[in-house]
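Subject: Structure handover

Hello,

Here is the structure for you to look through. My notes on it come after the sequence and coordinates.

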Amino acid sequence: IVCVFILTAQEEIEYENEILLEDEIQMIVNENDIGFRRGSMILSTGFLYASSHIGCELEMGLNKFVGLGLGFGYIGANCSANFHVYSKKYVDLFISITADYLHEIEIVVPEISFNFRGFFSEKARIGGCGRVGIAIGTKDRVFKKFGNTIHVKKARPMLTYSIGIPIKLKL
């Protein structure tokens, strides 16, 4: 009975070691498949980026889950904290908490948005990106630009969206 117990315990230890080894291999595979990580730099440019008709935003990775972004455009600028919920080499989904500054009307607008970036392949440095979100006006303002009149009302939610092209500057 003691021999059977020792053999059973030894087989169980070997089985647990195999499972641990499989888990370690899976972690290495997953680590190599991460698209966004510490030190990543991605430039997104396009329509309605950085609170402007045409603008660009640069995101720098602090780790594989968090990035900081700065954006500049014709009528605005922004600063954001980005929280990546899904990131692979060819697709990146994240939530942004942003402070948009519209220098034309001297107003800061908080915004939260859902963002996506897709790349043409795992090694491609270019693709397509977009976002949809909600911003809240902090003051009552009206301004005209390019023949359009824009009304910003205090505490009124506004739909925000943009579409553009992401470029991986540093992987």
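What follows is a short account of what turned up, residue by residue.

Please keep in mind that this is a predicted model.

Strand β5

Two residues of strand β5 deserve a look, D100 and T98. D100 is buried but has no salt bridge. The side chain of opposite charge nearest to D100 belongs to R131, and it is 5.4 Å away. That is outside the cut-off, because a salt bridge needs a side-chain nitrogen of Lys or Arg within 4 Å of a carboxyl oxygen of Asp or Glu. What D100 does have is a polar contact of 3.1 Å, side chain to side chain, with S51. Leaving out neighbours within four places in sequence, the residues in contact with D100 are S51, A77, N78, I107, V108, V109 and E111.

T98 has a relative accessibility of 5% and counts as buried. With neighbours within four places again set aside, T98 is in contact with N78, C79, S80, V109, P110 and E111. The C-alpha atoms of T98 and A135 are 8.9 Å apart, although 37 residues separate the two in sequence.

Strand β4

N82 sits in strand β4, which covers residues 77-87. Is N82 buried or exposed? Its relative accessibility is 3%, so N82 counts as buried. The side chain of N82 makes a polar contact of 2.5 Å with the side chain of S96. Beyond four places in sequence, N82 touches E59, F65, V66, G67, G69, F94, I95 and S96. Of these, V66 lies 16 residues from N82 in sequence, with 5.6 Å between the C-alpha atoms.

Nonpolar core

Which residues make up the largest nonpolar core? There are eight: I75, L102, I105, I107, V109, A135, F143 and V152. I75 can serve as a way in. Not counting residues up to four places away in sequence, I75 touches S51, S52, H53, Y101, L102, H103, E104, F143 and K145. L102 and F143 in that list are also members of the core. Some core residues came up earlier: I107 and V109 are in contact with D100, and V109 is in contact with T98 as well.

Positive phi in loops

Two residues other than glycine have a positive phi. For E106, phi is near 50°. E106 belongs to the loop between β5 (91-102) and β6 (107-119), and E106 is exposed, with a relative accessible area of 54%. For A155, phi is about 65°. A155 lies in the loop between β9 (148-152) and β10 (157-170), and A155 is also exposed, at 58% relative accessible area.

Cysteines

How many disulfides are there? The count is zero. A disulfide is a covalent bond between the sulfur atoms of two cysteines. As for individual cysteines, C56 is partly exposed, with a relative accessible area of 29%, whereas C129 is buried, at 3% relative accessibility.

If you only have time for a few views, I would open D100 with S51, N82 with S96, and the loop that holds E106.

Regards

Terms used: Residues are numbered from 1 along each chain as its sequence is written. This is a predicted model: local features need pLDDT of at least 70, side-chain atom pairs count only at pLDDT 80 or more; totals for chains, interfaces and linings use all residues. Side-chain values use heavy atoms; hydrogens and water are left out. Helices (H or I, at least four residues) and strands (E, at least two) are DSSP runs, numbered from the N terminus. Buried means under 20% relative accessible area, exposed over 50%, partly exposed in between (1.4 Å probe, protein chains only). Lys and Arg count as positive and Asp and Glu as negative; His and the chain ends are not counted. A polar contact is a pair of N or O atoms within 3.5 Å; within protein, one must be able to donate a hydrogen and the other to accept it, and residues adjacent in sequence count only if both atoms are side-chain atoms. Contact means heavy atoms within 4.5 Å. A nonpolar core is a set of buried Ala, Val, Leu, Ile, Met, Phe, Trp, Tyr and Cys residues joined through side-chain atoms within 4.5 Å. A disulfide is a pair of cysteine sulfur atoms within 2.5 Å.
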